[in-house]
Amino acid sequence: MTTHTTQTSAPAAPPGRARPDFARSAPKAFRALVAFDAAAREGLDPALVELIQIRASHLNHCAYCLHMHTNDARKAGESEDRLHMVPVWREARHFFTGKEQAALALTEAVTLVADGGVPDAVHAQAAAHFDERELAQVLALICTINTWNRVALSTGKRAGTDDR
């Protein structure tokens with residue numbers, strides 16, 4: 001039996017003090033993160049990029065990023081079936097290529113790194129599907145989406161309010 005946890009909304013900021021707008025309040029850090037994100041994506045399949053971002057956002061309970069990246073994936077032609085299967089990809093492997101499965105497993109290990117590191121078997125599986133440069137790009141992408149998730153959650157971003 002699977003149990004579902006609900007995430008409570010972040011506590012309200014003290015009266016008269018709203019949560020910061022990260023892009024406006026820390027523009028140099030924001031631009032650096034945007035540049036890191038763009039560099040991480042370079043040379044990766046856009047569909048794979050979205051799958052990685054969706055899985056990390058699931059794990060981090062980031063509704064804002066999940067909404068954004070599932071919409072981006074749909075616009076890029078991703079099927080509803082595959083989008084619905086991302087959280088349960090291990091039970092629905094036939095929806096994903098071996099390369100995608102390796103990326104999803106690595107995404108989970110890196111996102112949940114405090115739970116046991118990145119197991120050698122997970123790394124070996126990823127290394128079997130990606131050359132050294134691609135593997136480094138995937139790792140960078142996983143790091144960027146985890147950072148974006150934390151920024152969105154910490155600043156109280158609400159799903160459906162992406163203005164890109």
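**Exercise 1. The packing of helix α3**

Task: Determine which helices the buried residues of α3 pack against, and how many residues of α3 are buried.

Solution. In this predicted model, the buried residues of α3 pack against α2, α4, α5, α6 and α8. The next step is to identify these residues. They are Leu48, Val49, Glu50, Leu51, Ile52, Gln53, Ile54, Arg55, Ala56, Ser57 and Leu59. The helix is thus mostly covered, with 11 of its 14 residues buried. Its length can then be checked: from the first C-alpha to the last, α3 reaches 20 Å, close to the 20 Å expected at 1.5 Å a residue.

**Exercise 2. The residue that follows α3**

Task: State the sign of phi at His61 and where this residue lies.

Solution. Begin with the location: His61 is in the loop between α3 and α4 (63-75). Its phi is near 60°, a positive value in a residue other than glycine. For comparison, most residues other than glycine have a negative phi. Finally, consider accessibility. Because its relative accessibility is 41%, which falls between the limits of 20% and 50%, His61 counts as partly exposed.

**Exercise 3. Ile145 and its contacts**

Task: Establish whether Ile145 is buried or exposed, and which residues Ile145 touches.

Solution. Ile145 belongs to helix α8. Its relative accessible area is 0%, and therefore Ile145 is buried. Leaving aside residues up to four places away in sequence, Ile145 touches Gln53, Ala56, Ser57, Cys65 and His69. Gln53 and Ala56 are among the buried residues of α3. A further step compares sequence with space: Ile145 and Ile52 are 93 residues apart in sequence, while their C-alpha atoms are 8.2 Å apart.

**Exercise 4. Helix α6 and its last residue**

Task: Explain why the length of α6 agrees with expectation, and describe the surroundings of Thr111.

Solution. First, take the length. The 14 residues of α6 should span 20 Å at 1.5 Å a residue, and the end C-alpha atoms are 20 Å apart, so the two values agree.

Second, take the covering. Of the 14 residues in α6, 12 are buried, and the helix is mostly covered. Among the buried residues are Glu100, Leu104, Thr107 and Thr111. The elements that cover the buried residues of α6 include α3 (46-59), α5 (80-85), α7 (120-129) and α8.

Third, turn to Thr111, which lies in α6 (residues 98-111). With a relative accessibility of 8%, under the limit of 20%, Thr111 counts as buried. A polar atom of its side chain lies 2.7 Å from the backbone oxygen of Thr107. Not counting residues up to four places away in sequence, Thr111 touches Ala56, Leu59, Asn60, Ile142, Asn146 and Arg150.

**Exercise 5. The aromatic rings**

Task: Find how many aromatic pairs there are, and which residues the ring pairs link into a cluster.

Solution. A pair of aromatic rings is described by the distance of the centres and the angle of the planes. The centres must lie within 6.5 Å, and planes over 60 degrees apart count as edge-to-face. The count comes to two aromatic pairs. In one pair, the rings of Phe22 and Phe30 have centres 6.2 Å apart and planes at 70°, so the pair is edge-to-face. In another, the rings of Phe30 and Trp148 have centres 5.8 Å apart and planes at 70°, and this pair is therefore also edge-to-face. The pair of Phe30 and Trp148 links distant parts of the chain: Phe30 is in α2 (residues 27-41) and Trp148 is in α8 (residues 132-154), 118 residues apart. Together, the ring pairs link Phe22, Phe30 and Trp148 into a cluster.

Accessibility completes the description. Phe22, at 22% relative accessibility, counts as partly exposed, and so does Phe30, at 27%. Trp148 is buried, with a relative accessible area of 18%.

**Exercise 6. The crossing of α2 and α8**

Task: Give the angle at which α2 and α8 pack, and the handedness of their crossing.

Solution. The two helices pack at an angle of about 145°, and their axes are 8 Å apart. The crossing of α2 and α8 is left-handed. Residues of α2 that meet α8 include Phe30, Leu33, Val34 and Phe36. On the side of α8, the residues include Leu141, Thr144, Trp148 and Val151.

Notes: Residues numbered from 1 in each chain as written. Predicted model: local features only at pLDDT ≥ 70, side-chain atom pairs only at ≥ 80, totals over all residues. Heavy atoms only, no water. Helix = DSSP H or I, 4+ residues; strand = E, 2+ residues; numbered from the N terminus. Buried < 20%, exposed > 50% of the residue type's maximum accessible area, 1.4 Å probe, protein only. Polar contact = N/O pair within 3.5 Å; in protein donor to acceptor, adjacent residues only side chain to side chain. Contact = heavy atoms within 4.5 Å. Phe/Tyr/Trp six-rings, centres within 6.5 Å; stacked < 30°, edge-to-face > 60°. Expected span 1.5 Å × (residues − 1). Axes fitted to C-alpha atoms, helices over the stretch in contact; angles between N-to-C directions. Left-handed = near helix turned anticlockwise from the far one by under 90°.
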